[in-house]
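Biologist: Got a minute to go through this one with me? Let's get the vocabulary straight before we start.

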Amino acid sequence: MLSERYEFSSFRDPSGFLFYKDGILFRQVNQTYKRHFDHFMSSGLFDALVKQELLIPHEVVDNFESPDPSSVYKIIKPEVVNFISYPYEWSFLQLRGAALTMLRLARTALDYGMILKDASAYNMQFHQGRWQLIDTLSFEVYEKGEPWAAYKQFCQHFLAPLALMAYKDPRLNLMSRLFIDGIPLDIASGLLPWKTNLRFGLLTHIHLHARSQKHYARRGISYDEVRGRISQQGLIGLLDSLRNTVKRLSIRIGKTEWGNYYDETNYSEKAFEEKKAIVSAFIERVHPQCVWDIGANIGAFSRLASERGIFTVAFDVDSDAVSQNYIQVRKNNEKNLLPLVMDLTNPSPGLGWGHRERQSFMHRGPVSLVLALALLHHLAISNNLPLIKLARFFQEISDNLIIEFIPKSDSQVQRLLLSREDIFDNYTVANFEEVFSHYFDIIDKCPITDSERILYLLSAKKPLE
């Protein structure tokens, strides 16, 4: 059946859909999209966008059996993105980068006689060190006088969360988890401070836009009433205005509690270098295809994997640390490292229709190697998570695990215990090894010089069927 081969996240698009065959991703282009696809390919737009690394490349597959032959026009095979991330997992700088790339795509399309028909943030991915569009079917032939149908979507998916992050709090990007179709403009307008009415771009694209939506919702104005009224120059002006508005939004990347963790760590220089050497040696022993570094901070240990050409996702709860990591990725043109914001105690859930349009954090695993460095004590002590639950969790998401045990005598753990009663009698090396050995084989154990910390290399035991 079609549903058995269908990528669930693409079912809303009438132009085509994604599906898997023998574990390989394909996209069907439907007959209804024939005119637009042919123009997209023959006009030079596809080649231009791929050359500029703005669009995921694809190849057309001939003589391929379609899962829905009654509607097929073409089958294409897109380049695979290593890890699909979502807007609510991006820092401010990442979301702004994706927004500016989306506007560049829309502006470039006009030069080739096409228009970007949607501006969903979910169509953007940070791939090979750059923001790229992953939806090949997002373009339509431009008709003279046609308005930008994706204007509202861009404002809800990009501008509204960016403005809230810039003027209120970076954590408000998590509102995108509540509103899968973008933050409603009336909510954003109500939450933003009054002074944003003095910013022409925000006044126009959020506040007045929200009021006009409310006004025309009562009248029931149709899309056809607007068609033919917008000149191409006017459309370009709209895109330029949005671009200027987005570029003017900023946040201060300052020192947060964990953003400057490596400046305040209790490691001696010798211990820190030895820790890096041990982790490097463990990575070499595992030879992973992909690494998740959970609690990565600014990515010092993530790069021990990514600099070896191993694709690495660096998760951290601190958006400031993620921003610093992202700045370094862009500055050094790093292609194998993806920084993301993630609270492991409340990770991204499955969202959308049937909880399957956007995958949960765990359903995007398991991965061949997980790094959990200077993390266990935060989960066990700050969040009261029993070791057995942590062991089960790590077994579910990893084939191999490099984990650091930091005893209660360590100053960083003592810092956590200052404001709470020490009820953690089971938080010991012996109990950690006993609990984790039910779910992992202990391959190696290395104490770190000049500290009481221990690094473990663990291999997950396969759960019994």
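Modeller: Sure, handedness to begin with: a crossing counts as left-handed if the near helix is turned anticlockwise from the far one by less than a right angle, and as right-handed if clockwise. Helices (H or I, at least four residues) and strands (E, at least two) are DSSP runs, numbered from the N terminus.

Biologist: And what are we looking at?

Modeller: This is a predicted model, where local features need pLDDT of at least 70 and side-chain atom pairs count only at pLDDT 80 or more, while totals for chains, interfaces and linings use all residues. Residues are numbered from 1 along each chain as its sequence is written, and side-chain values use heavy atoms, with hydrogens and water left out.

Biologist: Okay, helices. How does helix 3 pass helix 4, left-handed or right-handed?

Modeller: The crossing is left-handed. The axes of helix 3 (residues 92-111) and helix 4 come within 10 Å and cross at roughly 145 degrees. Axes here are lines fitted to C-alpha atoms, for helices over the stretch in contact, and angles run from 0 to 180 degrees between N-to-C directions.

Biologist: Which residues make the contact?

Modeller: With contact meaning heavy atoms within 4.5 Å, helix 3 brings residues including Phe92, Leu95, Arg96 and Met102. From helix 4 come Phe154, His157, Phe158 and Pro161, among others. By class, that contact has twelve nonpolar, one polar and one charged residues. Ala, Val, Leu, Ile, Met, Phe, Trp, Tyr, Cys and Pro count as nonpolar, Asp, Glu, Lys and Arg as charged, and the others, Gly among them, as polar.

Biologist: Switching to sheets. What is the order in the four-strand one?

Modeller: That open sheet runs 1-2-4-3 with antiparallel pairing, where two strands pair if DSSP finds at least two bridges between them. Strand 1 (16-21) and strand 3 (58-61) are at the edges with a single partner strand each, so one side of each has no neighbour in the sheet. From one strand to the next, the twist averages 35 degrees.

Biologist: How many bridges join strand 1 to strand 2?

Modeller: Six, with strand 2 covering residues 24-30. Lys21 has Ile24 in strand 2 as its bridge partner. Helix 1 (residues 34-42) packs on this sheet, touching strand 2, strand 3 and strand 4 (72-78), and its direction makes about 45 degrees with that of strand 4. Strand 2 also pairs with strand 4 over four bridges, and Gln28 stands opposite Ile75 in strand 4. Strand 3 is joined to strand 4 by four bridges, with Glu59 opposite Lys77.

Biologist: And the seven-strand sheet, what's its order?

Modeller: The order is 11-10-9-12-13-15-14; the sheet is open and its pairing mixed. Strand 11 (337-341) and strand 14 (440-447) are the edge strands with a single partner each, so one side of each is left without a neighbour in the sheet. Neighbouring strands are turned by 20 degrees against each other on average, direction ignored. Strand 10 (residues 311-316) pairs with strand 11 in the parallel sense over five bridges, and Phe315 has Leu340 as its bridge partner there.

Biologist: My favourite bit now: what volume has the largest pocket?

Modeller: About 1,400 Å³. Of its 46 lining residues, Ser9, Leu18, Ile84, Tyr122 and Ile134 are the closest to the centre. On a 1 Å grid over the protein atoms alone, a pocket is an open set of points with protein on both sides within 12 Å along at least five of seven lines, a cavity is a set where a 1.4 Å probe fits but cannot get out, and lining residues have an atom within 4 Å of a point. Grid points are joined across faces, edges and corners, and a volume is the space filled by probe spheres set on the points.

Biologist: What classes make up the lining of that pocket?

Modeller: The lining divides into 19 nonpolar, 15 polar and twelve charged residues. Its largest share, three residues, comes from strand 1.

Biologist: How many cavities of 30 Å³ or more?

Modeller: Two. The largest has about 50 Å³ of space, and its lining includes Phe83, Phe126, His127 and Lys335. The second largest, at about 40 Å³, has Tyr122 and His157 among its lining residues, none of which is charged.

Biologist: Last one: which peptide bond is cis?

Modeller: The one from Gly365 to Pro366, with omega near 0 degrees. Pro366 lies in the loop between strand 11 and strand 12 (369-372).
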